[in-house]
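The exercises below are meant for a reader who is meeting this structure for the first time. Please work through each task before reading the solution that follows.

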Amino acid sequence: MAQRQTVNSIVHGDYVVTMDCESRVVRDGAVAIDSGIIAAVGSAEDIREKFQSDTEIDGTNQIVMPGLINGHTHAAMSLLRGYAYDIPLMEWLQEYINPIEAFAVDEEYVRVGTALACWEMLLGGTTTFVDMYFFHEIAAQVADEIGMRALISATVVDQPRNDAVDIDDSFEQARQFVEGWKNRKSTVEPILGGHAIYTLKNEHLLRLRDMAESLEVPIHIHVSESEFELQFSNELYGTTPIKHFQEIGLLDYPVIAAHVVWPTTEEMGILKQYGVGVIHNATCNAKIASGTAPIVEMLANDIKVGLGTDGVASSNNLDLWEEMRVASLLQRARSMDSTDLPAREMLRLATSGGAAALGLDHKIGHLAEGMEADMIQVSIDAAHHLPLYDVESHVAYCTKSGDVSNVFVQGRHVVQDRQVMTIEIEALNSAIQGVANRISSFNRTGSP
């Protein structure tokens, strides 16, 4: 018998859902991990023949699958959960969110809010998120310390903000942040963020385009989220946001487009042509009545699509399991076709499809030899999982965040038996309450 290779860990499962190009589901499977990389995926018998480890994770009543990917968040806004609700989007932003952020947002707010978001996401099996907020350096530090994979946007917006003197300062901070983080050995990667066409002048969009080219990083931006945005763009530029971005060359570089609720058929061709990654935020878009994005049509046009939750202030949670279910149901209600977005497709959007939309499909999103070991175990012994006839259907439609038992990011065991190992929960809870008390002291006339 050949000598077995020693690896850091072996993770077992009654089922291994690979989400690879063949969408394999391996019964009584296992994944061998070494130095943060997947060494092999296969049956438990085959893995045992080739590998050995001092650390083996039991797979009884467990499904092993790739970690979930949240393609659009405002992580620190977790501290505004339930602060303002049932309000139209622009009124919500201008009369409620902007004033409280002007009052409350500082380094401590972002540190605490980002940690809270990471806590929630990890417990729900999300291993990667894309963030857009203020004090991005702080958000990056928090994600790095906790051990999540993240694309942190250095965000520019032509509005008053607590972390920059003016937009020139925002651009300079963005440049320094990207240059400072770009070559670090970390699961955090810096990117650029532009808020939206209605919060940036055209000169700023051009400057953002040029900076993305020089720094060689993607741009994360809200696109065609609401009818207000379409009207704004048409009145100012005589065209839609997507067409305007094409005309000024913004799409010539990798773009992560959040929302894209209102694309035309012609614009879907543009999105495909430029390889834009679209992030669908079904729950948030429904809650704030922005509409339901034509995801089925986008996928039929070979557009790269992933899922996002948006910020907790508008969506109430960072639960991608809920996002999968809501996205599927809304597409079917829209099309009156019960075959739209089937279980396997929803799982793909939350894993390998999301990775492709972010330009990370070469390293995460599916389980295969050589991929980085971002993966989770999902328990399937609760009442809502019984009986189990089809694994993919159960994972997509029945799983809840509380079913996630173990989480690995780049092979690091960050959630063990439903406990986040990289966060001091008691201290974080205390800090959360402190910030919440300060927010509660604010009245909407703009003073404490």
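**Exercise 1. A glycine in a helix**

Is Gly-269 buried, partly exposed or exposed?

Solution. The model shown here is a predicted one, and the place to begin is the position of the residue in the chain: Gly-269 belongs to helix H9, which covers residues 265–273. The next step is to take its relative accessible area, which is 34%. Buried would require a value under 20% and exposed a value over 50%, so with 34% Gly-269 is partly exposed. As a last step one can look across the chain to Met-298, which is 29 residues away from Gly-269 in sequence, while the two C-alpha atoms are 9.1 Å apart in space.

**Exercise 2. The protein as a whole**

Determine how the radius of gyration of the protein compares with what the globule rule gives for its length.

Solution. Start with the secondary structure, which consists of 17 helices and 19 strands. The radius of gyration is 21 Å, and since the globule rule gives 22 Å for 448 residues, a value close to it, the protein is as compact as a globular protein of that length. The box that the C-alpha atoms fill, taken along the principal axes, is roughly 70 × 50 × 45 Å. Turning to the interior, 58% of the 448 residues count as buried, and of the contacts between residues at least 6 apart in sequence, 73% join residues that are at least 24 apart. The accessible surface amounts to about 17,700 Å², with 47% of it belonging to carbon and sulfur atoms. Finally, the protein carries 31 positive and 63 negative charges, and the mean positions of these two sets are 2 Å apart.

**Exercise 3. Aromatic rings**

Find out how many aromatic pairs the whole structure holds, and describe the pair formed by Tyr-109 and Tyr-133.

Solution. A search of the whole structure gives seven aromatic pairs. In the pair of Tyr-109 and Tyr-133, the ring centres are 6.4 Å apart and the planes make an angle of 20°; because planes under 30 degrees apart count as stacked, this pair is stacked. The partners come from distant parts of the chain, with Tyr-109 in helix H3 (residues 107–123) and Tyr-133 in strand S9 (residues 126–133), 24 residues apart. Both are buried: Tyr-109 has a relative accessible area of 0%, and Tyr-133 has one of 6%.

A further pair, Phe-177 with Trp-181, is tilted, with 6.3 Å from centre to centre and 50° between the planes. Since these two residues are four apart in helix H5 (residues 167–181), about one helical turn separates them. Here too the residues are buried, Phe-177 at 2% and Trp-181 at 1%. To complete the picture, ring pairs join Tyr-109, Tyr-133 and Phe-134 into a cluster.

**Exercise 4. Two buried residues and their contacts**

Which residues do Ile-38 and Lys-363 touch, leaving aside those up to four places away in sequence?

Solution. Ile-38 is part of strand S4, residues 37–43, and it is buried, with a relative accessible area of 2%. Its contacts include Val-31 and Ala-32, together with Leu-367, Ala-368, Glu-369, Gly-370, Met-371, Glu-372 and Ala-373. Lys-363, for its part, lies in the loop between helix H15 (352–358) and strand S16 (375–379). With a relative accessible area of 17%, Lys-363 is buried, and its contacts are Arg-149, Glu-189, Met-371 and Glu-372. Comparing the two lists shows that Met-371 and Glu-372 appear in both.

**Exercise 5. Special backbone places**

Where does a cis peptide bond occur, and what are the phi values of Asn-61 and Glu-216?

Solution. The cis peptide bond joins Leu-386 and Pro-387, with omega about -10°, and Pro-387 sits in the loop between S16 and helix H16 (391–397). Asn-61, although not a glycine, has a positive phi of about 60°; it lies in the loop between strand S6 (56–57) and strand S7 (62–66) and is partly exposed at 33%. Glu-216, which is not a glycine either, has a positive phi of about 60°, and its place is the loop between helix H6 (202–215) and strand S12 (219–223). With a relative accessibility of 66%, Glu-216 counts as exposed.

Methods: Residues numbered from 1 in each chain as written. Predicted model: local features only at pLDDT ≥ 70, side-chain atom pairs only at ≥ 80, totals over all residues. Heavy atoms only, no water. Rg over C-alpha atoms; globule rule 2.2 N^0.38 Å. Buried < 20%, exposed > 50% of the residue type's maximum accessible area, 1.4 Å probe, protein only. Contact = heavy atoms within 4.5 Å. Areas by Shrake-Rupley, 256 points an atom, 1.4 Å probe, with all protein chains shown as cover. Lys, Arg positive; Asp, Glu negative; His and termini not counted. Charge placed at Lys NZ, Arg CZ, Asp CG, Glu CD. Phe/Tyr/Trp six-rings, centres within 6.5 Å; stacked < 30°, edge-to-face > 60°.
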